[in-house]
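This report goes through the charged pairs, the backbone and the packing of one protein chain. The sequence and the model come first.

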Amino acid sequence: TGTAPLSYRWQRDGVDVAGATASTYTTGPLVAADNGAVYRVIVANAAGTVTSAGATLTVTPNDPPSVAITSPTTGET
């Protein structure tokens with residue numbers, strides 16, 4: 001929050017994300033190589049700028065869960 005108008009610059013690993021100038025940012029599809037990327041936003045108005053803390057992205061494998069049926073036991077319904 002702050003005195004309007006506010007401007008936003010989203011960064012990934014310290015580099016501006018092209019076209020990312022809204023108050024929110026949504027990434028496109030991710031791959032394993034995106035794991036560990038750090039995102040932050042720089043917000044500015046006439047009073048100055050402030051940079052958010054970085055948020056580290058964690059990408060997990062797209063593997064389906066494994067299932068084990070343990071009940072009822074074999075032969076029961």
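Two residues are in contact when heavy atoms of the one lie within 4.5 Å of heavy atoms of the other. The model is predicted.

**D34 and its surroundings**

By that rule, and leaving aside its neighbours within four places in sequence, D34 is in contact with R12, P29, L57 and V59. D34 is found in the loop between β2 (15-16) and β3 (38-45). Is D34 buried or exposed? Its relative accessible area is 13%, and because buried means under 20%, D34 counts as buried.

The side chain of D34 has two polar partners described here. One is the side chain of R12, with which D34 makes a polar contact at 3.1 Å. The other is a backbone atom: the D34 side chain reaches the nitrogen of V31 at 2.8 Å.

**Salt bridges**

Side chains of opposite charge can pair when their charged atoms come close. How many salt bridges does the structure hold? There are three, and the table gives each with its N to O distance.

| Arg | Asp | N to O distance |
|---|---|---|
| R9 | D16 | 3.2 Å |
| R12 | D13 | 3.8 Å |
| R12 | D34 | 3.1 Å |

The bridge between R12 and D34 links distant parts of the chain: R12 is in strand β1 (residues 7-12), while D34 is in the loop between β2 and β3, 22 residues apart. R12 also bridges to D13, and R12, D13 and D34 are linked in a network of salt bridges.

The members of this network fall into two exposure classes. Partly exposed covers the range between the 20% and 50% cut-offs. R12 has 26% relative accessibility and therefore counts as partly exposed. D13, with a relative accessible area of 48%, is also partly exposed. D34, at 13%, is buried.

In the bridge between R9 and D16, R9 is partly exposed at 38% relative accessible area. Its partner D16 is partly exposed as well, at 42%.

**Backbone features**

Most residues other than glycine have a negative phi, and most peptide bonds are trans. D13 departs from the first pattern, with a positive phi of about 50 degrees although it is not a glycine. D13 sits in the loop between β1 and β2. The residue with this backbone angle is also the one that forms a salt bridge with R12.

Which peptide bonds are cis? One joins A4 and P5, with omega about 0 degrees. P5 belongs to the segment before β1. Another runs from S71 to P72, again with omega near 0 degrees. P72 lies in the segment after β5 (55-56).

**Nonpolar and aromatic packing**

Which residues make up the largest nonpolar core? This core has five: W10, V17, A20, V41 and V43. A20 is in contact with Y8, R9, W10 and Y25, leaving aside its neighbours within four places in sequence. Among these contacts of A20 is R9, the residue whose side chain meets that of D16 in a salt bridge.

The aromatic pairs come to two. Ring pairs link W10, Y25 and Y39 into a cluster. W10 thus appears both in the nonpolar core and in the ring cluster.

**Strands β3 and β4, and G54**

β3 pairs with strand β4 (residues 48-51) in the antiparallel sense, over four bridges. Within this pairing, I42 stands opposite T51 in β4. The two strands form a hairpin with two residues between them.

After β4 comes the loop that leads to β5, and G54 lies in that loop. G54 is partly exposed, with a relative accessible area of 48%. Not counting residues up to four places away in sequence, G54 touches V38, Y39 and R40. One of these, Y39, belongs to the ring cluster with W10 and Y25.

How far apart are the C-alpha atoms of G54 and G75? They are separated by 55 Å, and the two residues are 21 residues apart along the chain.

Terms used
Residues are numbered from 1 along each chain as its sequence is written. This is a predicted model: local features need pLDDT of at least 70, side-chain atom pairs count only at pLDDT 80 or more; totals for chains, interfaces and linings use all residues. Side-chain values use heavy atoms; hydrogens and water are left out. Buried means under 20% relative accessible area, exposed over 50%, partly exposed in between (1.4 Å probe, protein chains only). A polar contact is a pair of N or O atoms within 3.5 Å; within protein, one must be able to donate a hydrogen and the other to accept it, and residues adjacent in sequence count only if both atoms are side-chain atoms. A salt bridge is a side-chain nitrogen of Lys or Arg within 4 Å of a carboxyl oxygen of Asp or Glu. Rings of Phe, Tyr and Trp (its six-membered ring) pair if their centres lie within 6.5 Å; planes under 30 degrees apart count as stacked, over 60 as edge-to-face and the rest as tilted. A nonpolar core is a set of buried Ala, Val, Leu, Ile, Met, Phe, Trp, Tyr and Cys residues joined through side-chain atoms within 4.5 Å. Two strands pair if DSSP finds at least two bridges between them.
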